[in-house]
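Here are a few friendly notes to read with the model open beside you. Take them one at a time and find each residue as you go.

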Amino acid sequence: MRKHIAIVSMVVLFLLLFTACAGQQADFKDVTINYETSNTHTKEDIDNAKKAVFDQFSQFSDAELNSLTYSGDEISKDNINYCQELIEDKKIVDCIVFKSNFKTSKWAKPAWEPNTEYNWDWYVAKDSNGNWIVATYGYC
């Protein structure tokens, strides 16, 4: 009987730990979004591309995104072919390029320098089905 109770207790503990970790997601409410002026992209386009960046950034550990800035119509238009080269298996119809600023924590893992501010570019491509996909990011 004790063995049965111990097993059930371990299963319940495992489930509680799993659901607690699964509920943790990056919080982007304090990120400054600079939409700039666009003649080719709506706020909705930029917001949808921004969500793709947030999804990718949420996989980073020990880093907090501070700002995301739309790089402008010219840069975005000039990089559609670049995004197509990076994403060969989909037809790319649009591109939005962002500049970002983020900072690592003082406990940053070896991939990051602790307490360091980074400025990265994000190339987000829109496929022919209307999906926004991060094509590449970093010091581009």
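**Notes on the cysteines, the cores and one loop**

1. Let's begin with the cysteines. This is a predicted model, and it holds 0 disulfides. Cys-83 takes part in no disulfide, and the nearest cysteine sulfur, that of Cys-95, is 3.5 Å away. Why is there no bond from Cys-95 to Cys-83? A disulfide needs the two sulfur atoms within 2.5 Å, so at 3.5 Å the sulfur of Cys-95 is too far from that of Cys-83.

2. Are these two cysteines buried or exposed? Cys-83 counts as buried because its relative accessibility is 0%, and Cys-95 is buried too, also at 0%.

3. Now look for the largest nonpolar core, which has 23 residues. Phe-98, Trp-122 and Val-124 are the ones that touch the most other members. At least two residues come from each of α2 (43-57), β2 (63-70), β3 (92-104), β4 (117-127) and β5 (132-138). The biggest contribution is that of α2, with 6 residues. A second, separate core has 8 residues, including Cys-83, Ile-87, Cys-95 and Tyr-123.

4. Trp-122 is worth a closer look. Beyond its neighbours within four places in sequence, Trp-122 has contacts that include Val-53, Phe-57, Leu-68, Ile-96, Phe-98, Val-134 and Tyr-137.

5. Finally, visit the loop between β3 and β4, where Asn-115 lies. Its C-alpha atom is 5.1 Å from that of Ser-105, although the two are 10 residues apart along the chain. Leaving out residues up to four places away in sequence, Asn-115 touches Lys-103, Thr-104, Ser-105 and Lys-106.

How values were computed
Residues are numbered from 1 along each chain as its sequence is written. This is a predicted model: local features need pLDDT of at least 70, side-chain atom pairs count only at pLDDT 80 or more; totals for chains, interfaces and linings use all residues. Side-chain values use heavy atoms; hydrogens and water are left out. A nonpolar core is a set of buried Ala, Val, Leu, Ile, Met, Phe, Trp, Tyr and Cys residues joined through side-chain atoms within 4.5 Å. Buried means under 20% relative accessible area, exposed over 50%, partly exposed in between (1.4 Å probe, protein chains only). Helices (H or I, at least four residues) and strands (E, at least two) are DSSP runs, numbered from the N terminus. Contact means heavy atoms within 4.5 Å.
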